[in-house]
Amino acid sequence: MSDFPLERVRRETRGLPSACHFNNAGAALMPAPVMDRLMDWLGDEERRGGYEVEEGRRAELEDFYVAASAMLNCQASEIAFIENATRAWNMAFYGLALGAGDHVLAPLSEYGSNVIALRQQADRRGFTLEFMADDEAGVVDLAWLSNRLADRSRPVRLIALSHVPTGNGLVNPAAEVGRLARAHDVPYLLDACQSLGQMPVDSPDRCLWARGRGRSTARAVSDRRADSPARQGRPHRPRHRP
Ligand SMILES: Cc1ncc(COP(=O)(O)O)c(C=O)c1O
């Protein structure tokens with residue numbers, strides 16, 4: 001974290017220094033550049049009308065795809081903008097052809113709404129949802145995962161992973177999981193909501209982006225790799241029991 005621009009972040013957070021805001025899990029204090037841009041856009045719509053602003057500022061809208069692809073190291077044409085992250089994840093997941101005999105892996109720290117969809121579809125389509133083994137800090141156990149993927153008698157058809165679960169600071173080894181998924185030719189659905197924009201996330205293959213509530217929340221679907229620093233976190237909760 002030594003290169004983290006703390007002073008700049010402080011300057012750009014107008015809620016400081018009057019508040020110490022620790023409730024950052026889903027919605028931290030909004031940074032000034034984000035707020036200013038939102039207000040500028042809304043003000044323009046208020047004065048000129050939504051369609052007119054869309055037309056007049058089309059280049060800015062298009063630039064989103066280029067900027068997002070630079071962030072994820074993929075093509076602009078691989079970026080899809082969806083109204084929120086849960087919807088984006090669901091669109092990717094519900095489109096997969098999973099059925100009886102298939103196995104889907106997810107961590108015990110997987111995001112709640114992802115688990116709801118996984119459980120619902122496991123019941124309806126008959127695939128088996130398995131929670132991955134983790135270490136004492138709650139980080140996915142890569143040795144276990146490697147062995148599990150090698151077991152061809154119970155074929156894994158999807159690995160779903162929340163890179164940084166919502167409320168605990170845990171960082172799952174997204175890049176290493178991605179490498180294992182690629183080595184075994186297993187689709188990899190990475191929820192990078194809490195990591196994208198905060199740490200490097202590199203997804204050179206298929207990417208799916210979503211943004212929620214005016215703050216950056218993102219998902220990347222990749223069967224290649226997603227980089228995260230080799231930083232591992234504190235004990236985590238909640239855990240979804242199998
Ligand atoms: C890891 C993770 N995934 C998904 C979401 C859901 O995002 P949205 O509210 O945009 O659907 C969140 C929200 O905080 C999250 O932390």
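User: What makes β2 and β3 a pair of strands, and in which sense do they run?

Analyst: In this predicted model, β2 is joined to strand β3, residues 128–131, by four bridges, and the two strands run parallel. Two bridges are the minimum for calling two strands paired, so with four of them β2 and β3 count as a pair. Within this pairing, V104 stands opposite L129 in β3.

User: Which helix belongs with β2 and β3 in a β-α-β unit, and what is the hand of that unit?

Analyst: The helix is α6, residues 112–125, and together with β2 and β3 it makes a right-handed β-α-β unit. That term applies because, with the strands pointing away from the viewer, the path from the first strand over the helix to the second runs clockwise.

User: How do you know what span to expect for α6, and what span does it have?

Analyst: The expected span is 1.5 Å times one less than the number of residues. For α6, which has 14 residues, the expected value is 20 Å, and the helix reaches 20 Å from its first C-alpha to its last, which is close to that expectation. The residue that follows α6 is G126, and its phi is positive, near 90 degrees.

User: Does β2 have another strand partner, or which strand besides β3 should I look at?

Analyst: Look at β4, which pairs with β2 in the parallel sense over three bridges. L105 of β2 stands opposite I159 in β4. As for the side chains of β2, H103 and L105 point one way and V104 and A106 the other way, and all of these are buried.

User: What makes β4 and β5 a pair, and which residue of β5 is the bridge partner of A160?

Analyst: β4 and β5 are paired in the parallel sense over four bridges, and the partner of A160 in β5 is L189. Between these strands the chain crosses from β4 through α8 to β5, in a right-handed β-α-β crossover. In β5, Y188 and L190 point one way whereas L189 and D191 point the other way, and all are buried.

User: Which residues touch the most other members of the largest nonpolar core?

Analyst: This core has 37 residues, and those that touch the most other members are V104, A106, I159, A160, L161 and V177. Among the elements that give two or more residues to the core are β2 (103–106), β4 (156–162), α8 (174–183) and β5 (188–191). Leaving aside residues up to four places away in sequence, A160 touches V104, A106, E110, N114, L118 and L189.

User: Why are the buried residues of α5 said to lie on one side or on several sides of the helix?

Analyst: The buried residues in α5 are A85, T86, A88, W89 and A92. They cover an arc of only 160 degrees around the axis, and therefore they lie on the same side of α5. As background, an α-helix has 3.6 residues a turn, so residues three or four places apart point the same way.

User: Why is F64 called partly exposed?

Analyst: F64, in helix α4, has 14 other C-beta atoms within 10 Å. A residue is buried at 20 or more and exposed at 12 or fewer, so F64 falls in between and is partly exposed. From F64 to I79 the C-alpha to C-alpha distance is 9.3 Å, although they are 15 residues apart in sequence.

User: What is notable about the phi of N73 and of D185, and why do they count as buried, partly exposed or exposed?

Analyst: Most residues other than glycine have a negative phi. N73, in the loop between α4 and β1, has a positive value near 55 degrees. D185, in the loop between α8 and β5, is not a glycine either and has a positive phi of about 60 degrees. N73 has 19 C-beta neighbours inside 10 Å, and because 20 would be needed to call a residue buried, N73 counts as partly exposed. D185 has 9 such neighbours, which is within the limit of 12 or fewer, and therefore D185 counts as exposed.

Notes. Residues are numbered from 1 along each chain as its sequence is written. This is a predicted model: local features need pLDDT of at least 70, side-chain atom pairs count only at pLDDT 80 or more; totals for chains, interfaces and linings use all residues. A nonpolar core is a set of buried Ala, Val, Leu, Ile, Met, Phe, Trp, Tyr and Cys residues joined through C-beta atoms within 7 Å. Two residues are in contact if their C-beta atoms, placed from the backbone, lie within 7 Å. The arc is that of the directions from the helix axis to the C-beta atoms.
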